[in-house]
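Student: Please take one part of this model and go through it closely. Start with the part itself, then work outward to the rest of the chain.

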Amino acid sequence: MFPKYDVIVVGAGHAGCEAAVGAANMGCKVLLATMNMQTIAQMSCNPAMGGVAKGQIVREIDALCGYSGIVTDHTMVQFRMLNRSKGPAMWSPRAQSDRNQFARKWRMMLEAHPNVDFWQDMVKGLIVKDGRVRGVYTGMGLEIESEAVVLTNGTFLNGIIHIGEKQLGGGRAGESAAKGITEQLVELGFEAGRMKTGTPPRIDGRTIDFSKCEEQPGDTPAGKFSYTDTPALTDQMPCHITYTNQKVHDILRTGFDKSPMFNGRIQGLGPRYCPSIEDKIDRFAEKDQHQLFIEPEGRDTCEIYINGFSSSLPEDVQYKALTHIPGLENCRMFRPGYAIEYDFFPPTQLKTSLETHLVKNLFFAGQINGTTGYEEAGCQGLMAGINAALAVKEEDPLILGRSEAYIGVLIDDLVNKGTEEPYRMFTSRAEYRILLRQDNADLRLTPIAHRLGMLGADERMDRVRAKNQATAEIEGFFKNASIQPDEINAYLESVGSAPTVQKTRLHNIILRPQTDIKGMAAALTELGGFLSPYEQEFVELAEINMKYDGYIQKEREMVAKVARLENLHLGDTLDYNAMHALSIEARHKLSKLRPRTIGQASRISGVSPADVSVLLIHLNR
């Protein structure tokens, strides 16, 4: 009935969809197995993509020929660039998405891919022979063979939904949990754990008094995520902001005795950076209000998402509390918030390719690795799909360094440090965030996709070349063109910068912190005329390159110093237990994690600088 596939992807959430695309764009024949074809790429929680550091990840996915950025651009209803008041290393794109259109567009793009097949069924187990995965078993009793398997099970592995004192088996509201995979993996020697996450109630937007809320409009003009020619967003929908109050908190406290979070029914580890409303009230008892974002679910629905009000309290307590929030006094609830508890596998059991140590050609991606968020899941899926394809072709895996991408930071953190709570990406996790900006993800990563021969990379590489040429031309113009004081001083005075008393290069003017390229172009006719043919994105990149050149060069020097350790390979066969000069903890951690390089070993918790020196001596360095 089935051909033998190159790669089978289990689960069609954000990680699974990107894994299928990654392997398929590498030329592999892929089967995407899901329990429900109607929930492919479902936005299980908030209807949004991007945010601080997450927006950079979406742009990196796009630069590597993934689809998340394209789908978001086609289906977003609002776009905002966060942190514009800070430096460009902190700028982070975020889009409010149309939930239904997002999933529909993803499915359309997957169905249009000639290398992707689909099968609706529960995958109950893996076919493993001689330490290598050979395919999957399904709930219908079928055996489907493949060269590699990517598990992206999300919150479905033995998932339990909690609403007050009620417990329901399920991986998402209205959907059943997945059984069998955890038990088999544990029998194979894997370590499993439990985590939990939650979601807020959804309410009827027709019953909200938006006049009592603060409107939050999108950017004009709206930006986008993809480096391809996606449509511009013109008709934006607003979000709104409101706040809880002491009365709301008092009502919520009446349900604490029935809260699964407080009475011990939930054993899983919850997300520190996206706590439930009851957790916020308990942990920050001194605060008399908490901010809530009222977010539309889409253009063709009145359903509203209450961002910041995640809860697993009884539904009557949730509803009563909502009616005491400004603007929501007369609201009607479509469904309550809930918590969900599910199995995960500590990611220290993975190689940096996301392949498992125990079973060859078996890859994990997404929440199964202890992460939280669509973006974190999507980038892992893409990397797992690419590396599964490379494993099938018997080629070396693609490992992104910490200086190359936020994706590299995320995977390096997971594999070397593990996680004791759902992992979320922040800009502060990256040492080289001046290099890892959202505006240059294509310059960093598209050449890699092109080298791998990924589908669509040729056209993207043409744009990268055009972008490099344009920024070089713009920077060259600024370094060579001069300006007289009477031509520029009026502009300098208007922005609070000291006037110049002699002819000077434009480059010297743009380096001043008060000046910007847009203002200079408006003040200087010749400059404005020169820049007019160039895309705004190219002009902005040239400005960042010039203004932050010193900082960029310092980070590159830091990368070069660290690169020496990253290039020293340890190999897969070293017997660390025989190296008695290593500390006992280092021997244990190194034997378990099997780092590829000295650099990776140095970032493992418990491996000291003295241990690194022992490894260097062992390699005769």
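Tutor: A small sheet and the helix on it come first, followed by another helix, the cores and a second sheet.

This is a predicted model, so local features need pLDDT of at least 70 and side-chain atom pairs count only at pLDDT 80 or more, while totals for chains, interfaces and linings use all residues. Residues are numbered from 1 along each chain as its sequence is written, and side-chain values use heavy atoms, with hydrogens and water left out.

Now the sheet. It is open and has three strands, in the order S3-S5-S4, with antiparallel pairing. Strand S3 (48–50) and strand S4 (76–82) are the edges; each has a single partner strand, so one side of each has no neighbour in the sheet. Neighbouring strands are turned by 15° against each other on average, direction ignored. Strands here are DSSP runs (E, at least two residues) and helices are DSSP runs too (H or I, at least four), both numbered from the N terminus. Two strands pair if DSSP finds at least two bridges between them.

Look at one pairing. S4 and strand S5 (residues 92–97) run antiparallel and share six bridges. Leu82 stands opposite Ser92 in S5. Phe79 stands opposite Ala95, also in S5. Helix H3 (residues 68–75) packs on this sheet and touches S3, S4 and S5; its direction makes about 115° with that of S4. For such angles, axes are lines fitted to C-alpha atoms, for helices over the stretch in contact, and angles run from 0 to 180 degrees between N-to-C directions.

How many residues of S4 are buried? Six of its seven are, so S4 is largely enclosed by the rest of the structure. Buried means under 20% relative accessible area, exposed over 50%, and partly exposed in between (1.4 Å probe, protein chains only). H3 is mostly covered as well, with seven of its eight residues buried. They are Ser68, Gly69, Ile70, Val71, Thr72, Asp73 and Thr75.

Next, helix H11 (residues 441–452). Its twelve residues reach 17 Å from first C-alpha to last, close to the 16 Å expected at 1.5 Å a residue. The expected span is 1.5 Å times one less than the number of residues. Buried in H11 are Ala441, Asp442, Arg444, Leu445, Thr446, Ile448, Ala449 and Leu452. They cover an arc of only 165° around the axis, which puts them on the same side of H11. The arc is that of the directions from the helix axis to the C-beta atoms. These buried residues pack against helix H2 (54–63), H9, helix H12 (457–480) and helix H17 (536–547). After H11 comes Gly453, whose phi is positive, near 75°.

H9 leads to the cores. The largest nonpolar core has 105 residues, and Leu151 and Leu362 have the most contacts inside it. Helix H9 (residues 374–392) gives the most to this core, with eleven residues. A second, separate core has 23 residues, including Ile483, Met520, Ala521 and Phe538. A nonpolar core is a set of buried Ala, Val, Leu, Ile, Met, Phe, Trp, Tyr and Cys residues joined through side-chain atoms within 4.5 Å.

What does Leu362 touch, its neighbours within four places in sequence aside? Its contacts are Leu126, Val133, Val149, Leu151, Leu185, Phe190, Leu354, Glu355 and Thr356. Contact means heavy atoms within 4.5 Å.

Last, the second sheet. It is open, with six strands in the order S14-S15-S16-S17-S13-S18 and antiparallel pairing. S14 and strand S18 (333–335) stand at the edges with a single partner strand each, so each has one side without a neighbour in the sheet. Here neighbouring strands are turned by 35° against each other on average, direction ignored.

Strand S15 (residues 239–243) has four of its five residues buried, so it is largely enclosed by the rest of the structure. Three bridges join S15 to strand S14 (residues 214–216), and the two run antiparallel. Gln216 has Cys239 in S15 as its bridge partner. S15 also pairs with strand S16 (residues 291–296), antiparallel, over four bridges. There, Tyr243 has Gln291 in S16 as its bridge partner.
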